[in-house]
Amino acid sequence: MTSTPASLHDPAPVFSHRWCRVNDWLVRHQPLWRPVPFSEPAPAWLRDYPALADWLEAMTDQECDHWTDRPEAFAREAARFISDLAEYGELVAVPKLTTPEKAQAAALPEVRAVDMPGRKRLQAGAFAAALSPLNGNLVDWCCGKGHLARTLAGQGAESVLGFEWNAELVNDGNRLAQHYGDPVQLYPQDVMANDLTWPAAGHGVALHACGDLHRQLIQSGSAARATRLSVSPCCYHLMASTQHRLLSEAARNHARPLTMDRSALRLAVQETVTAPARERRKAAVVSVWRLGFDALQRHLRNVEEYLPVPSHPTRLNTGDFEGFGRWAAQNKQLPLPAGVDWHYWRTAGERRLLQVRRHELLRHLFRRPLELWLVLDYAMFLQEQGYEVRLGAFCERSLTPRNLLLDAIRPG
Ligand SMILES: C[S@@+](CC[C@H](N)C(=O)[O-])C[C@H]1O[C@@H](n2cnc3c(N)ncnc32)[C@H](O)[C@@H]1O
């Protein structure tokens with residue numbers, strides 16, 4: 001993570017200037033990130049930047065792995081072909097809001113972190129440390145079993161309410177809080193409900209609440225004049241509407257704002273698969289089959305168009321490409337001629353998978369700028385509602401890639 005010196009509350013123009021810069025950069029480079037490599041083998045940028053395409057496609061697997069973990073260095077290299085990519089590092093730089101030592105100290109001790117996976121314990125600790133000092137009454141939004149609530153209770157909060165719609169989690173969480181004597185009370189509550197009442201002078205917190213849920217906290221919390229709103233968003237694409245709606249006036253009044261639908265928003269949270277090697281190998285086999293079938297169906301239908309194939313029955317996993325191909329053809333009602341050369345089309349799938357990985361390297365460079373585009377809009381919205389806002393990272397990306405934290409305080 002690149003960091004600029006930790007700032008306190010950024011003055012308003014910083015966010016709007018930054019948002020415009022990120023927006024315009026993303027708009028300019030849409031041809032590089034809109035096409036999905038899995039379904040588009042020949043995006044227009046291959047013709048526009050042939051030297052970039054050659055460099056990517058000539059990469060070894062080791063080089064690919066190397067660049068995958070180093071997006072900023074990759075952007076600097078790729079800037080040899082598209083000079084604008086050199087801006088990447090500056091575009092994604094955010095201040096660090098705490099240190100690993102403070103995060104560790106704020107985390108629940110392991111013996112009290114019942115039912116709490118190790119990473120969640122440290123994430124909650126880092127989130128709490130980044131918000132320190134805490135006081136008053138907090139509302140943990142979509143609290144699950146209240147792990148964050150219990151962590152915050154140990155960091156100066158007088159009391160923490162939790163809203164969660166899963167009654168089982170609420171019961172488990174209340175039992176845990178009672179057992180450990182934490183000033184935490186969870187309530188079964190749908191946070192999207194119209195009748196939700198905000199506690200007076202509450203501080204709303206949300207760690208990894210998805211799309212509409214975190215936007216609801218930002219909008220309903222600010223409308224209820226919450227004293228403070230602290231949000232680490234995730235899964236931006238999980239929303240009821242198909243089209244993303246910008247929250248801030250500043251973004252909506254921009255001359256050319258990016259337009260994003262639900263499926264394009266997925267890019268912001270798409271992760272490079274870090275499953276164990278055995279799982280990765282299995283996933284690669286299925287990808288080869290799907291890409292091989294895609295090449296075959298394009299040939300048979302004589303159409304350069306991706307044909308989405310639904311999830312296949314798991315029994316096919318122990319079979320071979322031909323078994324998968326025959327099932328997929330039947331599913332898509334595609335008649336197969338006699339004597340399909342299955343070996344040939346499987347090899348075509350293998351070639352495509354190599355290409356997909358290399359094209360994804362370039363496309364994935366746009367994930368973090370896109371995430372910042374979304375969160376900077378939230379920051380500007382909260383400023384428009386009268387809050388002083390800071391935006392930064394509450395932990396390293398290795399602990400969670402969703403490490404952005406928006407912290408808005410109503411002055412006075
Ligand atoms: C990704 S989890 C985050 C949980 C917790 N903040 C954490 O970091 O451990 C999202 C939680 O939101 C809850 N949830 C989803 N939709 C909800 C709604 N409409 N109202 C209340 N809770 C909801 C889910 O049951 C789940 O516990």
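Strands β1 (residues 137-141) and β4 (residues 203-210) run parallel and are joined by three bridges. One pairing places Leu138 with His203, its bridge partner in β4. The model described here is predicted.

β4 also pairs with strand β5 (residues 228-234), again in the parallel sense, here over seven bridges. Within this pairing, Ala209 stands opposite Pro233 of β5. To get from β4 to β5, the chain passes through helix α12 (residues 211-223), and the resulting β-α-β crossover is right-handed.

How many of the eight residues of β4 are buried? Seven are, and the strand is thus described as mostly covered. Buried is used here for a residue with 20 or more other C-beta atoms within 10 Å of its own.

The ligand brings β4 into a second context. Around the ligand lie 18 residues, of which Cys142, Gly144, Trp165, Val191 and Leu207 are the closest. Three elements give two or more residues each to this shell: α10 (147-153), β2 (159-164) and β4. Which of the elements supplies the largest share? That is β4, with three residues.

By residue class, the shell around the ligand holds 11 nonpolar residues, four polar ones and three charged ones.

Taken together, β4 is bridged to β1 and to β5, is mostly covered, and gives the ligand shell its largest share of residues.

Notes. Residues are numbered from 1 along each chain as its sequence is written. This is a predicted model: local features need pLDDT of at least 70, side-chain atom pairs count only at pLDDT 80 or more; totals for chains, interfaces and linings use all residues. A residue is buried if 20 or more other C-beta atoms lie within 10 Å of its own, exposed if 12 or fewer, and partly exposed in between; C-beta atoms are placed from the backbone. Helices (H or I, at least four residues) and strands (E, at least two) are DSSP runs, numbered from the N terminus. Two strands pair if DSSP finds at least two bridges between them. A crossover is right-handed if, with the strands pointing away from the viewer, the path from the first strand over the helix to the second runs clockwise. A residue is near a molecule or strand if its C-beta atom, placed from the backbone, lies within 6 Å of it. Ala, Val, Leu, Ile, Met, Phe, Trp, Tyr, Cys and Pro count as nonpolar, Asp, Glu, Lys and Arg as charged, and the others, Gly among them, as polar.
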